Amino acid sequence: MGAQTVSPPAVESPFRVGLLSFSDGRQRVHQTLEGGIRCHAEVLAKAIANDPLLTAVPSAEIVHSAAQARSLARQARADGIEAAVFNIPVFAFPNFSLIAARLLEMPVLLCSARDPSLPGLGGIMAAHGGMAQIGIPSAKVWGDPSQEPELQRKLSAFCRASGVIERLKGSVFGLFGGRSIGMNTGAVSPQEWMRRFGVDVEHIDQLQIVDRAREADAEEVDKAYAWMCTRMGRISTEGKASPWNVKEQIRHYIAIRGLVRDLGIDFAGLKCHYDLSEYHVTGCVSAMLLNDPYDWNGSKPPTVLSCEADCDGALTMQILKLISGYPTLLFDLRSYDYANRVYICCNCGAQPSWYAARSPDPEENLKLVFLDPVISKYGGGGAHFSYVCRSGEITLARLTRIDGDYRMFVARGEFVDFPREKTAETCSAWPHGYVRMNLPPEELVDTYNTNHAHVVPGDHRQALRYYCELMKIPVTVVD
């Protein structure tokens with residue numbers, strides 16, 4: 001795999017990890033154990049802090065009664081925790097952790113020091129068994145995650161997965177338009193999403209984008225166009241990419257940005273085809289810049305926007321963004337290059353410019369991006385933004401449904417560098433990613449259940465496995 005590593009952009013809001021400690025229910029025994037329990041709590045707090053996507057919310061007291069289990073669990077809920085780590089380095093009374101877990105109503109990571117002088121292993125095993133009996137999901141860490149990389153990865157993966165589950169609850173998906181090009185693989189039931197993921201679906205007509213675009217501030221539009229023209233590697237101003245058309249795309253971005261803000265939308269999908277793309281301008285500026293961690297006004301959190309109103313695609317992208325801290329993208333599985341052993345992936349627009357160089361400096365990314373006229377198959381105007389994704393390790397994933405039931409495909413892979421000229425084999429006006437993964441194309445064709453795929457940098461298979469396990473979603477993982 002590619003050796004390049006990149007740091008995620010500034011984390012918008014780390015997952016809040018509740019850290020609760022448990023002890024023996026006998027006061028005289030608890031007093032002899034309290035010092036060691038607090039020491040191990042500090043070890044776990046350090047391990048949580050080692051992950052930039054997590055922040056520890058430790059309990060001030062150690063649970064050694066049922067009343068404390070109730071009150072501290074309720075306090076943790078009031079503190080807005082999104083993941084739970086239980087510190088059990090002794091044989092704490094298992095009913096205490098069970099009471100707390102039942103009140104928290106979220107998965108629990110049970111942790112014990114690897115100390116043969118104390119029965120901590122028995123403590124987490126007994127706690128886990130009690131939770132398993134009533135269907136509360138839990139996992140176990142035995143040892144010091146701050147010193148053992150494998151345990152650190154396990155703690156991070158579990159807490160991120162749990163955090164994604166909690167953060168999606170009550171979030172709002174903005175569906176601009178409806179089903180695109182007859183693709184049922186992207187259309188979803190709002191009732192099913194609320195039941196399964198806790199996500200509300202807010203439908204917004206694309207006419208609101210067109211109307212709001214007329215109100216966009218002219219100075220900001222000119223500023224945005226100048227920002228593109230002075231930073232992108234090549235600018236076309238001919239035909240469909242006329243300054244007026246590209247500025248109209250910018251107006252649409254400003255309109256969607258405002259609707260996202262005003263309606264409290266957390267992630268979104270845009271129909272585009274064949275309404276906006278046929279009779280107005282394509283949504284390529286919106287799909288690029290909403291997914292980017294910046295625009296002409298500076299740094300900002302990426303907001304997932306999927307092309308072609310791909311709802312399951314947008315949900316996959318939101319999961320990937322939250323679980324990794326990186327911007328994500330949407331593209332089509334277009335073809336396979338047998339000579340170079342890479343999947344050719346491209347799409348008209350839903351790739352943030354960040355992937356051109358994967359740099360925290362927007363100028364490093366944008367100088368590799370070309371502003372090209374919208375291709376002739378679309379009746380509307382505007383520009384596409386072409387580049388080749390920078391090489392490096394990636395995780396590719398996608399939620400799909402078979403007979404109404406969700407499942408997830410996950411693969412470790414890498415982007416492979418190729419000269420820009422190779423994009424002429426498909427569509428040189430579109431952004432491309434050349435993906436190598438350990439899966440023959442014949443097998444992918446037989447097992448993959450949609451046309452779109454999504455990626456983030458790095459290896460996030462363990463966290464996605466936990467997410468699927470906790471959500472009871474079958475998962476296929478390609479190593």
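Start by selecting A429: its relative accessibility is 10%, so A429 counts as buried. Keep in mind along the way that this is a predicted model.

**Stop 1: around A429**

A429 sits in the loop between strand 18 (405-415) and strand 19 (432-437). Show side chains for D372, P373, I375, H384, F385 and S386, and you have what A429 touches, leaving out residues up to four places away in sequence. Now add N347: 82 residues separate N347 and A429 along the chain, yet their C-alpha atoms are 9.6 Å apart. Hold on to H384, one of the contacts of A429, because H384 also turns up in the lining of the largest cavity, as defined by atoms within 4 Å of a cavity point.

**Stop 2: the cavity**

A search of the whole structure turns up 1 cavity of 30 Å³ or more. The largest cavity has a volume of about 70 Å³. To see its walls, select L270, C272, H273, T282, G283, C284, C307, E308, C348, G349, Y378 and H384. By class, that lining divides into 6 nonpolar, 5 polar and 1 charged.

**Stop 3: the loop with C272 and Y274**

Stay with C272, a lining residue of the largest cavity, and zoom in on its backbone. C272 belongs to the loop between strand 9 and helix 10. Its phi is positive, about 65 degrees, although C272 is not a glycine. Is C272 buried or exposed? With 8% relative accessibility, C272 counts as buried.

Step along to H273, another residue of the cavity lining. What kind of peptide bond joins H273 and Y274? The bond is cis, with omega about -10 degrees. Y274 lies in the loop between strand 9 (267-270) and helix 10 (276-279).

For another positive phi, jump to R341, which is not a glycine either and has a phi of about 55 degrees. You'll find R341 in the loop between strand 13 (331-337) and strand 14 (342-346).

**Stop 4: helix 4**

Next, select residues 120-133, which make up helix 4. Its 14 residues reach 20 Å from first C-alpha to last, close to the 20 Å expected at 1.5 Å a residue. Colour G120, G123, I124, A127, G130 and M131, which are buried. These residues cover an arc of only 125 degrees around the axis, so they are on the same side of helix 4. An α-helix has 3.6 residues a turn, so residues three or four places apart point the same way.

What do the buried residues of helix 4 pack against? Bring up strand 3 (83-87), helix 3 (94-104), strand 4 (108-112) and strand 5 (138-142) to see their partners. Following helix 4 is G135, with a positive phi near 80 degrees.

**Stop 5: R160 on helix 5**

Pick R160 in helix 5 (residues 149-168). R160 is buried, at 12% relative accessible area. Its contacts, not counting residues up to four places away in sequence, are F15, D51, L53, L54, I323, S324 and H460.

**Stop 6: the second largest pocket**

Finish at the second largest pocket, which holds about 420 Å³ of space. Of its 20 lining residues, E12, S13, R167, K321 and L322 lie nearest the centre, so centre your view on those. Helix 12 (residues 311-324) gives the most to this lining, with 3 residues. Coloured by class, the lining shows 11 nonpolar, 5 polar and 4 charged residues.

Terms used:
Residues are numbered from 1 along each chain as its sequence is written. Side-chain values use heavy atoms; hydrogens and water are left out. On a 1 Å grid over the protein atoms alone, a cavity is a set of points where a 1.4 Å probe fits but cannot get out, and a pocket is an open set with protein on both sides within 12 Å along at least five of seven lines; lining residues have an atom within 4 Å of a point. Grid points are joined across faces, edges and corners, and a volume is the space filled by probe spheres set on the points. Helices (H or I, at least four residues) and strands (E, at least two) are DSSP runs, numbered from the N terminus. Ala, Val, Leu, Ile, Met, Phe, Trp, Tyr, Cys and Pro count as nonpolar, Asp, Glu, Lys and Arg as charged, and the others, Gly among them, as polar. The expected span of a helix is 1.5 Å times one less than its number of residues. Buried means under 20% relative accessible area, exposed over 50%, partly exposed in between (1.4 Å probe, protein chains only). The arc is that of the directions from the helix axis to the C-beta atoms. Contact means heavy atoms within 4.5 Å.
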